[in-house]
Amino acid sequence: MEILAVRGVLPEHTYPQQEITDAFAGVIADGGFDEKLLRRFHRNSGVDQRSLVLPLEEYAGIRDFTHANDLFLEHAVELGSRAVVDALKAAGLTPSDVDLVVAATVTGLAIPTLEARIAARIGLRPDVKRMPLVGLGCVAGAAGIARVHDYLLGHPDDVAVLVTVELCSLTVQRDDVSVPNLVASGLFGDGAAAVVACGGSGSGDGAADVVDTVSRLYPDSERTMGFDVGATGLRIVLDAQVPAVVNHYIRDDVDAFLARHDLTRADIGWWVCHPGGPKVIEALESALDVPREAVQLTWDSLARIGNLSSASVLHVLADTLRERPPSPGSWGILLAMGPGFCSELVLLRAPGEGT
């Protein structure tokens, strides 16, 4: 499979982290919480600024889950449509060229699902195949690429699009003073991303080739990350043990995956990692035994836009291809973790010599 183009988009409202912290401190639980703890979490998040789908002053007016989800439907379709159109233009294609559209989100509920609504807006063909991915959270950008790869193995003449949209700001609970909600309120941002791919590989026309993928689901970890769905919406589940899980499993998973191709971590020239948060990125550096420079674009993305859940790793991929174009024939790994608890690994190769 060839990745032809990757594009990320953000909503128009961008604020410094301090301004978001001040606004959230003014509305959460009517002040009945440890504000110093909230501010410490926000300062230590590694985030300098975030883009939000609403003007900051409008969040206090969100009435309930229904209102939040109505806002999600309105803005997610707009952002997702923009991401798909941008990526198709970058690939030299049009909506009518798309044979499969895969949509991933975890921050809102949509029936019909997002890709059906995006199809109507941008003019995908009536016979386009649809694959919604719901509930995968932060891993869905990597898992979406993997599922597109699976499809294109059997349909090598087709064009497929993956679109991920996450409006994390609409899920933050104003009556929840738990540590996970306070942490999430300082970490997650809003945004979307799209990937355009086609079957085959090695033509040299694409941005990168997907060589192989692997999925890993870890035992006894269902409460490590996710959402509890209730009357007020989506309440974050975020265990402090996420970095420990990463440290425990990722090295062996990566090594076993690479061994299938007679490769080792020393053969990997570029790493595209999901910016789960400072402790998660540090755990990845330790598990993979790589210097900070190897995942600097992951750190940079976290600082500039926060954690966008499923869209984040695709933003990092777009940044990599634009800012640090891999040398011809070099190997790369794209990886993300998410609810399950799980990980998804994608082996990439830059087009050119040796492919």
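UniProt annotations may be inferred rather than shown by experiment. Keep that in mind for the first stop, Cys 138, which an unreviewed UniProt entry lists as "active site". The model itself is predicted.

**Stop 1: Cys 138**

Select Cys 138. It sits in the loop between S5 and helix H5 (140-154). Its relative accessible area is 7%, below the 20% cut-off, so Cys 138 counts as buried. Now show its contacts. Leaving out residues up to four places away in sequence, Cys 138 touches Phe 188, His 274, Asn 307, Ser 309, Ser 310, Ala 336, Met 337, Gly 338 and Pro 339.

**Stop 2: the sheet**

Switch to cartoon and colour the strands. Nine of them form an open sheet with mixed pairing. Read across in this order: S5-S4-S6-S7-S1-S8-S13-S12-S11. Strand S5 (129-134) and strand S11 (268-273) are the edges. Each has a single partner strand, so one side of each lacks a neighbour in the sheet. Look along the sheet for its twist: neighbouring strands are turned by 25° against each other on average, direction ignored.

Next, select residues 2-9, strand S1, and residues 190-198, strand S7. The two run antiparallel and are joined by seven bridges. For one pairing, pick Glu 2; its bridge partner in S7 is Cys 198.

**Stop 3: strand S13 and its neighbours**

Select strand S13 (342-349). Is this strand enclosed or open to the outside? Eight of its eight residues are buried, so S13 is largely enclosed by the rest of the structure. In a regular strand, side chains alternate between the two faces of the sheet. Colour the two sets separately. Cys 342, Glu 344, Val 346 and Leu 348 are on one side. Ser 343, Leu 345, Leu 347 and Arg 349 are on the other. Both faces are covered.

Add strand S8 (208-217). S8 pairs with S13 in the antiparallel sense over eight bridges. Asp 212 stands opposite Leu 347 here. Then add strand S12 (331-338). Eight bridges join S12 to S13, again antiparallel. In this pair, Gly 332 stands opposite Leu 348.

Zoom to the turn. The hairpin of S12 and S13 has three residues between the strands. One residue to check is Gly 340, with a positive phi near 155°.

Now bring in helix H7 (residues 242-259). H7 lies across S8, S11, S12 and S13, and runs at about 35° to S13.

**Stop 4: helix H4**

Select helix H4 (residues 114-122). Which of its residues are buried? They are Leu 114, Glu 115, Ile 118, Ala 119 and Ile 122. These cover an arc of only 135° around the axis, which puts them on the same side of H4. Extend the selection to what they pack against: helix H3 (65-91), strand S4 (100-105), S5 and strand S6 (159-167). After H4 comes Gly 123, whose phi is positive, near 90°.

Step back to Ile 111, in the loop between S4 and H4. Its relative accessibility is 80%, so Ile 111 counts as exposed. Draw a distance from its C-alpha to that of Leu 182: 30 Å, for residues 71 apart along the chain.

**Stop 5: salt bridges**

The whole structure holds 19 salt bridges. Visit three.

- Arg 147 with Asp 150: the closest N and O atoms are 2.8 Å apart. Both lie in helix H5, three residues apart, about one turn of the helix. Arg 147 is partly exposed at 24%, and Asp 150 is partly exposed at 37%.
- Asp 175 with Arg 235: the closest N and O atoms are 2.9 Å apart. This pair links distant parts of the chain, 60 residues apart. Asp 175 is in the loop between S6 and helix H6 (179-187), and Arg 235 is in strand S10 (residues 233-238).
- Arg 216 with Asp 253: the closest N and O atoms are 2.9 Å apart. Arg 216 lies in S8 and Asp 253 in H7, so the pair ties together parts 37 residues apart in sequence. Arg 216 is partly exposed at 29%, whereas Asp 253 is buried at 9%.

To finish, select Arg 304, Asp 319, Arg 322 and Glu 323. Salt bridges that share partners join these four residues into one network.

Terms used:
Residues are numbered from 1 along each chain as its sequence is written. This is a predicted model: local features need pLDDT of at least 70, side-chain atom pairs count only at pLDDT 80 or more; totals for chains, interfaces and linings use all residues. Side-chain values use heavy atoms; hydrogens and water are left out. Two strands pair if DSSP finds at least two bridges between them. Helices (H or I, at least four residues) and strands (E, at least two) are DSSP runs, numbered from the N terminus. Axes are lines fitted to C-alpha atoms, for helices over the stretch in contact, and angles run from 0 to 180 degrees between N-to-C directions. Contact means heavy atoms within 4.5 Å. Buried means under 20% relative accessible area, exposed over 50%, partly exposed in between (1.4 Å probe, protein chains only). The arc is that of the directions from the helix axis to the C-beta atoms. A salt bridge is a side-chain nitrogen of Lys or Arg within 4 Å of a carboxyl oxygen of Asp or Glu.
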